[in-house]
Every structure is written in structure tokens, then in C-alpha cells.
Amino acid sequence: MERIYMGERAFSPATGVTRWVVVDSRTYRLHDEAVAYLASLRVRGCSPNTERVYAGRIALYLNYCLMRRLDWKTPGFLGLAGLQQWLIEAPLPSRSGEARPGQVRFRSRATANAVMTVVAEFLRFGATHGWVPAATTALLSEPNAAALHSTRLRGQASSASGVRCRRPRSGSGSLSRAMRTSATSRSVA
């Protein structure tokens with residue numbers, strides 16, 4: 001049976017605090033790096049609900065890496081792009097656990113982006129602790145030139161790295177004004 005990582009609630013009777021952790025469902029071993037990240041959320045004062053949601057999203061990322069045989073610490077650009085596509089295209093399991101024909105649900109793009117945000121934060125946290133190489137976090141912070149170029153051509157608002165861009169309209173923007181001004185000043189002179 002494949003390993004499946006799950007976000008699990010752990011209650012400490014001594015402190016009366018509920019914490020969320022990521023565990024291997026086969027061995028019940030904690031995923032140390034994910035648990036450390038979730039603990040950092042508590043230290044920052046995030047709500048238990050945020051911790052719960054983030055635990056599930058990190059478990060989803062770890063399961064994706066297992067399915068694709070990717071090292072979660074070095075997924076690469078194609079691995080991360082594949083994750084975002086998979087999040088949108090893979091059907092969600094039934095809430096009741098029963099397969100019912102005709103009731104297939106999918107994640108929205110907004111939900112996929114929210115998962116990717118958590119994954120990016122988790123990988124950056126791992127980089128600060130030396131678990132994730134700098135090359136991985138560089139993928140998260142530098143815009144992809146091809147994606148940026150294609151979105152400018154289409155005039156759409158975002159690329160895979162979250163950089164927002166738009167195509168300038170004809171006659172607007174400081175560059176076109178500067179060009180018109182210099183052309184006008186040359187013809188007058």
C-alpha cells in the first residue's frame with residue numbers, strides 16, 4: 001500500500017491544546033519538516049483552522065510528490081507546474097466515500113492557487129532551515145520568462161509564478177507617451 005500523508009489532529013491533555021500534524025498513514029510516523037512548519041504557524045499566532053487547512057494542503061503536496069516519484073525538496077519547475085495542473089484536473093473524492101455517477105467535483109483555480117501558496121511557503125520555510133536547496137526556492141520567486149511573455153501577448157493577468165502583468169494599451173503608458181513626446185520635439189526642432 002502506498003504511503004498517504006494526512007493532516008491529523010493531535011490533542012495534548014496536559015496542555016489542552018489541539019495541534020495539527022502531517023503523518024504517514026502506513027507507519028504513523030510524523031513528517032518532521034511539515035510538523036515543524038505547522039508549529040511555526042502556531043508561533044506566529046495563526047488560528048487552529050489555518051493550521052488545519054495548511055496541514056491538509058501540505059499532505060496533498062507530499063502525496064502528489066509520492067505519486068509522481070518526485071523528491072518533495074526538489075520538485076523542479078515541471079513538477080510544480082504539474083502540481084498546479086493536477087490540482088485543477090484531478091477529480092475530488094466523494095465526501096461520503098461512495099462513488100456516485102454524475103457527481104464529480106473539481107477544485108477551482110482559486111483553490112489550486114491557495115494550495116500552491118501554502119506549498120511555496122512550506123518550501124521557503126524548508127530553505128531557511130537547510131532542508132530545501134536554494135534552487136528550488138528560486139523557482140518560486142523568479143518569473144518564468146516564457147510564461148511572462150505569453151501572458152503579455154494574450155493580455156491576461158497572471159503567470160505561473162504569480163507575477164501580474166498586462167499588455168499596455170495603444171497610446172497609454174509612460175513609454176508610449178515618452179516616445180510621442182520625443183518624436184514631437186524632434187519634428188518641432
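## A walk from Arg 69 to Glu 51

Let's start at Arg 69, which sits in the loop between α2 and α3; helices here are DSSP runs of H or I with at least four residues, strands are runs of E with at least two, and both are numbered from the N terminus. We're looking at a predicted model, where local features need pLDDT of at least 70 and side-chain atom pairs pLDDT 80 or more, while totals for chains, interfaces and linings use all residues. Residues are numbered from 1 along each chain as its sequence is written, and side-chain values use heavy atoms, with hydrogens and water left out.

Back to Arg 69. Its relative accessibility is 75%, so the residue counts as exposed (exposed means over 50% relative accessible area, buried under 20%, and partly exposed in between, with a 1.4 Å probe and protein chains only). Its phi is near 60°, a positive value in a residue other than glycine. Most residues other than glycine have a negative phi. Follow the chain ten residues along from Arg 69 and you get to Gly 79, with 9.9 Å between the two C-alpha atoms.

Tyr 28 shows another positive phi, about 60°, and isn't a glycine either. You'll find Tyr 28 in the loop between β2 and α1 (32-43). With a relative accessible area of 63%, Tyr 28 is exposed.

Now zoom out for a moment. The protein has seven helices and two strands, and from the N terminus on they run β-β-α-α-α-α-α-α-α. Of the 189 residues, 30% are buried. Take the contacts (heavy atoms within 4.5 Å) with a separation of 6 or more: 41% of them link residues 24 or more positions apart. The accessible surface, by the Shrake-Rupley method with a 1.4 Å probe, comes to about 12300 Å², and carbon and sulfur atoms hold 55% of that.

Next, drop in on strand β2 (residues 17-24), where Arg 19 lies. Arg 19 counts as partly exposed because its relative accessibility is 39%. Arg 9 is ten residues away from Arg 19 in sequence, yet their C-alpha atoms are 5.7 Å apart. Leaving aside neighbours within four places in sequence, Arg 19 is in contact with Glu 8, Arg 9, Ala 10, Arg 42 and Glu 51.

That last partner takes us to helix α2 (residues 48-68), the home of Glu 51. Here's an acidic residue that counts as buried because its relative accessibility is 2%. What surrounds Glu 51? Not counting residues up to four places away in sequence, Glu 51 touches Arg 19, Trp 20, Leu 38, Leu 41 and Arg 42. With Arg 42 there's also a side chain to side chain polar contact, at 2.2 Å (a pair of N or O atoms within 3.5 Å, one able to donate a hydrogen and the other to accept it; residues adjacent in sequence count only if both atoms are side-chain atoms).

Last stop: helix α5 (residues 134-141), whose buried residues are Thr 136, Thr 137 and Leu 140. Seen down the axis of α5, these buried residues fall within an arc of 90°, so they line one face of the helix; the arc is that of the directions from the helix axis to the C-beta atoms. An α-helix has 3.6 residues a turn, so residues three or four places apart point the same way. On the face of α5 turned away from its buried side are the exposed residues Ala 134 and Ala 135. The cover over the buried residues of α5 includes α3 and α4 (109-128). In α3 (residues 76-89) you'll also find Leu 78, which counts as exposed because its relative accessibility is 71%.
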